[in-house]
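Here's a quick tour of a single chain, taken a piece at a time. Have the viewer open and follow along.

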Amino acid sequence: MSEEKELAHSNSQLEYHNSNLKVKVEENSVQLSDYIVKFGYLGCYIDRLTIVGNLTDQLESILLDYDSEINYYHSNFFKGQLFANSEGNFFIEHDLEKARKMGIRDFRLEFNPRLSRHEQMEFIERFVIPNLNNVSISRIDIAFDFERDLSNYVIDKAISRRVYFGKDNKVETIYWGSPKSEYQIRIYDKYKERKKKGTDYDKFYYGSFDCYWRMEFQLNGSKFIEKQIRNDFHVLQETKITKRNYAVQDLSTQEQIFLFVKDKSPELFSQLGKASKAKYNKLAKDISEVDLSDGFRLAIQNIEYCYDVPQKVSLVDFCKKILED
């Protein structure tokens with residue numbers, strides 16, 4: 001049986017989602033409950049994780065004896081799937097020559113913890129990470145799901161913005177920042193994305209909501225990520241993600257134009273003079289009605305992973321355990 005079919009059968013995500021939210025509300029009292037009701041918050045997940053380190057003889061021996069799908073090209077280079085029939089979720093690569101030339105770690109493991117089985121996570125925690133030297137996290141994608149249309153939300157930060165529309169001329173995806181920078185933010189219609197690429201179960205699951213949007217923070221670079229771990233992922237809270245309420249007060253045509261430029265073309269807005277930018281930044285703040293990041297501090301205390309035996313843990317604790325092993 002494929003993992004996709006087992007996911008539909010064993011996870012019972014609709015029932016689990018509701019029961020898990022109830023647990024969250026009980027544990028985090030009124031504050032998280034208000035966030036769920038106000039913003040349609042559904043859950044927080046690690047959607048992609050890249051662990052790097054230097055391969056040891058012990059780990060190489062373990063991999064050779066394990067039921068994996070690894071292609072060995074020569075003694076210093078191999079790559080493939082850590083687990084056979086894992087639907088491409090657990091990619092590993094060892095390239096000693098490239099690592100020496102670039103001054104980087106020689107082993108990389110990339111996977112999605114949310115789509116992992118409990119036994120797979122246990123294998124990584126017990127055998128892979130402890131048998132790596134100089135372990136670090138070079139990339140982590142943190143996903144926040146909402147039953148709310150996020151297409152009109154803006155990020156109050158001077159970073160680039162790219163918008164992609166669907167055939168119906170509605171916003172499907174917004175990128176803030178560059179994938180090569182320390183972090184990038186993606187906002188997209190998760191239901192539409194799964195409707196195009198997902199299984200029949202995906203279409204059923206995501207289509208059972210009035211709408212289903214995802215916001216992802218892609219964090220890059222070991223030093224930046226380790227700093228974020230030490231500071232409780234402060235970047236998530238400091239990035240204001242707001243929705244403007246232009247009806248709060250009467251705005252002149254000029255003010256509306258400049259606010260539109262600020263929200264839709266930050267690169268152009270950045271060319272204004274200091275006084276003008278200060279004026280419209282304050283005006284934008286005055287008419288900002290909500291801020292999605294208000295609940296991120298609580299949300300990351302309850303990240304979810306392992307679809308067959310759902311686990312819940314603090315994002316900081318999850319990452320610290322990897323680095324400490």
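## The chain as a whole

How many helices and strands does the secondary structure of the chain come to? There are 14 helices and 15 strands. Keep in mind that this is a predicted model.

Of the chain's 325 residues, 49% count as buried. On the outside, the chain exposes about 16600 Å², and carbon and sulfur atoms supply 47% of that area. As for how the chain meets itself, take the contacts between residues at least 6 apart in sequence: 67% of these join residues at least 24 apart.

## A three-stranded open sheet

Now pick out β7, β12 and β13. These three strands form an open sheet in the order β7-β12-β13, with antiparallel pairing. The edges belong to β7 (154–155) and β13 (288–291); each has a single partner strand, so one side of each is left without a neighbour in the sheet.

Zoom in on the β7 end. Here β7 pairs with β12 (residues 241–244) in the antiparallel sense, over two bridges. If you want a residue pair to look for, Ile155 stands opposite Ile241 in β12.

## The second largest pocket

Next, the second largest pocket, which has a volume of about 350 Å³. It is lined by 13 residues, and those closest to its centre are Val52, Lys98, Ile104, Arg105 and Arg108. Three elements give two or more residues to the lining: β4 (91–95), α4 (96–102) and β5 (107–111). Which of them supplies the largest share of the lining? That would be α4, with three residues.

And the chemistry of the wall? The lining residues of this pocket divide into six charged, five nonpolar and two polar.

## Ser116, tucked into a loop

One last stop: Ser116, in the loop between β5 and α5 (118–128). Is Ser116 buried or exposed? With a relative accessible area of 0%, Ser116 is buried, since the cut-off for that label is under 20%.

So what is Ser116 in contact with, leaving aside its neighbours within four places in sequence? The list runs to Asn89, Phe90, Phe111, Met121, Cys306, Tyr307 and Asp308. Among these contacts, Phe111 belongs to β5, which spans 107–111, and Met121 falls in α5, which spans 118–128. In other words, Ser116 sits in the loop between β5 and α5 and is in contact with residues that include Phe111 and Met121.

Methods. Residues numbered from 1 in each chain as written. Predicted model: local features only at pLDDT ≥ 70, side-chain atom pairs only at ≥ 80, totals over all residues. Heavy atoms only, no water. 1 Å grid on protein atoms, 1.4 Å probe; cavity = no way out; pocket = protein on both sides within 12 Å on 5 of 7 lines; lining within 4 Å. Points joined across faces, edges and corners; volume = space filled by probe spheres on them. Helix = DSSP H or I, 4+ residues; strand = E, 2+ residues; numbered from the N terminus. Nonpolar A, V, L, I, M, F, W, Y, C, P; charged D, E, K, R; others polar. Pairing = 2+ DSSP bridges. Buried < 20%, exposed > 50% of the residue type's maximum accessible area, 1.4 Å probe, protein only. Contact = heavy atoms within 4.5 Å. Areas by Shrake-Rupley, 256 points an atom, 1.4 Å probe, with all protein chains shown as cover.
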